[in-house]
Amino acid sequence: MEVEGEWWILERINGIELAKLVSFAREKHGDRWAKRLGEDLVQVMSEYGKPPARTVRLELAAEEGDGKRVIENAAMTEAN
(Lines give C-alpha, C1' and ligand atoms only; values in the text may rest on other atoms or scores of the structure.)
Protein backbone atom coordinates (compact mmCIF):
# COMPACT_ATOMS: atom_id res chain seq x y z
CA MET A 1 0.00 0.00 0.00
CA GLU A 2 1.20 3.48 -0.76
CA VAL A 3 1.42 5.96 2.12
CA GLU A 4 2.67 9.47 1.49
CA GLY A 5 4.54 8.40 -1.63
CA GLU A 6 6.22 5.35 -0.05
CA TRP A 7 5.28 1.68 -0.42
CA TRP A 8 4.50 -0.37 2.70
CA ILE A 9 3.26 -3.87 3.49
CA LEU A 10 0.17 -4.08 5.69
CA GLU A 11 0.95 -6.40 8.59
CA ARG A 12 -1.96 -5.74 10.96
CA ILE A 13 -5.20 -3.81 11.00
CA ASN A 14 -6.64 -3.08 14.45
CA GLY A 15 -4.24 -5.69 15.82
CA ILE A 16 -5.45 -8.44 13.48
CA GLU A 17 -2.66 -10.04 11.49
CA LEU A 18 -3.29 -9.71 7.79
CA ALA A 19 -2.35 -13.38 7.36
CA LYS A 20 -5.25 -14.34 9.64
CA LEU A 21 -7.70 -12.20 7.68
CA VAL A 22 -6.46 -13.71 4.42
CA SER A 23 -6.85 -17.23 5.80
CA PHE A 24 -10.36 -16.42 7.06
CA ALA A 25 -11.37 -14.82 3.75
CA ARG A 26 -10.08 -17.82 1.79
CA GLU A 27 -12.10 -20.17 3.98
CA LYS A 28 -15.26 -18.04 3.88
CA HIS A 29 -15.16 -16.77 0.27
CA GLY A 30 -13.12 -19.35 -1.65
CA ASP A 31 -11.73 -18.13 -4.96
CA ARG A 32 -13.19 -14.66 -4.38
CA TRP A 33 -11.18 -14.05 -1.19
CA ALA A 34 -8.87 -11.40 -2.68
CA LYS A 35 -11.76 -9.48 -4.23
CA ARG A 36 -13.67 -9.57 -0.94
CA LEU A 37 -10.68 -8.30 1.05
CA GLY A 38 -9.91 -5.61 -1.50
CA GLU A 39 -13.45 -4.37 -2.04
CA ASP A 40 -15.30 -5.37 1.14
CA LEU A 41 -12.77 -5.18 3.97
CA VAL A 42 -15.35 -3.86 6.43
CA GLN A 43 -17.63 -6.83 5.71
CA VAL A 44 -14.79 -9.37 6.00
CA MET A 45 -13.64 -7.85 9.31
CA SER A 46 -17.24 -7.91 10.55
CA GLU A 47 -17.63 -11.56 9.55
CA TYR A 48 -14.35 -12.23 11.38
CA GLY A 49 -16.00 -10.79 14.50
CA LYS A 50 -13.98 -7.57 14.60
CA PRO A 51 -15.99 -4.88 12.79
CA PRO A 52 -13.92 -1.72 12.34
CA ALA A 53 -14.93 1.74 13.44
CA ARG A 54 -14.63 4.77 11.16
CA THR A 55 -10.89 4.75 11.80
CA VAL A 56 -8.44 1.89 12.25
CA ARG A 57 -4.88 1.31 13.42
CA LEU A 58 -2.54 0.14 10.67
CA GLU A 59 0.79 -1.56 11.36
CA LEU A 60 3.05 -1.45 8.34
CA ALA A 61 6.45 -2.82 7.32
CA ALA A 62 8.67 -1.22 4.69
CA GLU A 63 8.73 -3.01 1.35
CA GLU A 64 12.50 -2.53 1.37
CA GLY A 65 14.61 -2.65 4.50
CA ASP A 66 13.35 -3.25 8.00
CA GLY A 67 11.38 -0.07 8.65
CA LYS A 68 8.12 -0.15 10.57
CA ARG A 69 5.33 2.38 10.78
CA VAL A 70 2.08 2.67 12.71
CA ILE A 71 -0.79 4.83 11.56
CA GLU A 72 -3.31 5.55 14.26
CA ASN A 73 -6.81 6.57 13.21
CA ALA A 74 -6.58 5.80 9.49
CA ALA A 75 -9.94 6.65 7.94
CA MET A 76 -11.97 3.72 6.64
CA THR A 77 -13.06 5.35 3.41
CA GLU A 78 -13.77 3.89 0.00
CA ALA A 79 -10.69 5.70 -1.36
CA ASN A 80 -8.49 4.14 1.31
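Q: Accessible areas are computed by the Shrake-Rupley method with a 1.4 Å probe. What does the accessible surface of the protein chain come to?

A: This is a predicted model. Its protein chain has an accessible surface of about 5,600 Å², and carbon and sulfur atoms hold 46% of that area.

Q: How many of the residues count as buried, as a percentage?

A: A residue is called buried when its relative accessible area is under 20%. In this protein chain, 28% of the 80 residues meet that description.

Q: What does the radius of gyration say about the protein chain?

A: The value is set against the one for a compact globule, taken from a rule that uses the number of residues. For 80 residues the rule gives a radius near 12 Å, and the protein chain has 13 Å, so the two agree. Along its principal axes, the C-alpha trace spans about 35 × 25 × 20 Å.

Q: How many helices and strands are there, and in what pattern?

A: The protein chain has 3 helices and 5 strands. Along the sequence they come in the pattern β-β-β-α-α-α-β-β.

Q: Which strands are joined to β2 by bridges?

A: Two strands are said to pair if there are at least two bridges between them. Strand β2, residues 6–13, is joined to β1, residues 2–3, by 2 bridges. β4, residues 55–62, is joined to β2 by 5 bridges, and β3, residues 16–17, by 2 bridges. The pairing with β1 is antiparallel, and so are the pairings with β4 and β3.

Q: Which residues mark these pairings?

A: Between β1 and β2, Glu 2 has Trp 7 as its bridge partner. Between β2 and β4, Ile 9 stands opposite Ala 61. Between β2 and β3, Arg 12 stands opposite Glu 17.

Q: How should a positive phi be read?

A: Most residues other than glycine have a negative phi. Glu 4 has a positive phi of about 50 degrees and sits in the turn of the β1 and β2 hairpin, which has 2 residues between its strands. The hairpin of β2 and β3 also has 2 residues between the strands, and there Asn 14 takes a positive phi near 50 degrees. Asn 73 is not a glycine either, yet its phi is positive, at about 60 degrees. Asn 73 lies in strand β5, residues 68–75.

Q: Are Glu 4 and Asn 73 buried or exposed?

A: Exposed means over 50% relative accessible area. Glu 4 counts as exposed because its relative accessibility is 69%. Asn 73 counts as exposed because its value is 57%.

Q: Is His 29 buried or exposed, and what does it touch?

A: His 29 belongs to helix α1, residues 18–29. Its relative accessible area is 19%, so His 29 is buried. Leaving aside residues up to four places away in sequence, His 29 touches Arg 36, Val 44 and Glu 47.

Q: What share of the contacts is between residues 24 or more positions apart?

A: A contact means heavy atoms within 4.5 Å. Among contacts with a separation of 6 or more, residues 24 or more positions apart account for 46%.

Q: How many side chains are positive and how many are negative?

A: Lys and Arg are counted as positive, Asp and Glu as negative. The protein chain has 12 positive and 16 negative side chains. The centres of these two sets lie 7 Å apart.

Definitions and conventions. Residues are numbered from 1 along each chain as its sequence is written. This is a predicted model: local features need pLDDT of at least 70, side-chain atom pairs count only at pLDDT 80 or more; totals for chains, interfaces and linings use all residues. Side-chain values use heavy atoms; hydrogens and water are left out. Helices (H or I, at least four residues) and strands (E, at least two) are DSSP runs, numbered from the N terminus. The radius of gyration is taken over C-alpha atoms; the globule rule is 2.2 Å times the number of residues to the power 0.38. Buried means under 20% relative accessible area, exposed over 50%, partly exposed in between (1.4 Å probe, protein chains only). The place of a charge is taken as NZ of Lys, CZ of Arg, CG of Asp or CD of Glu.
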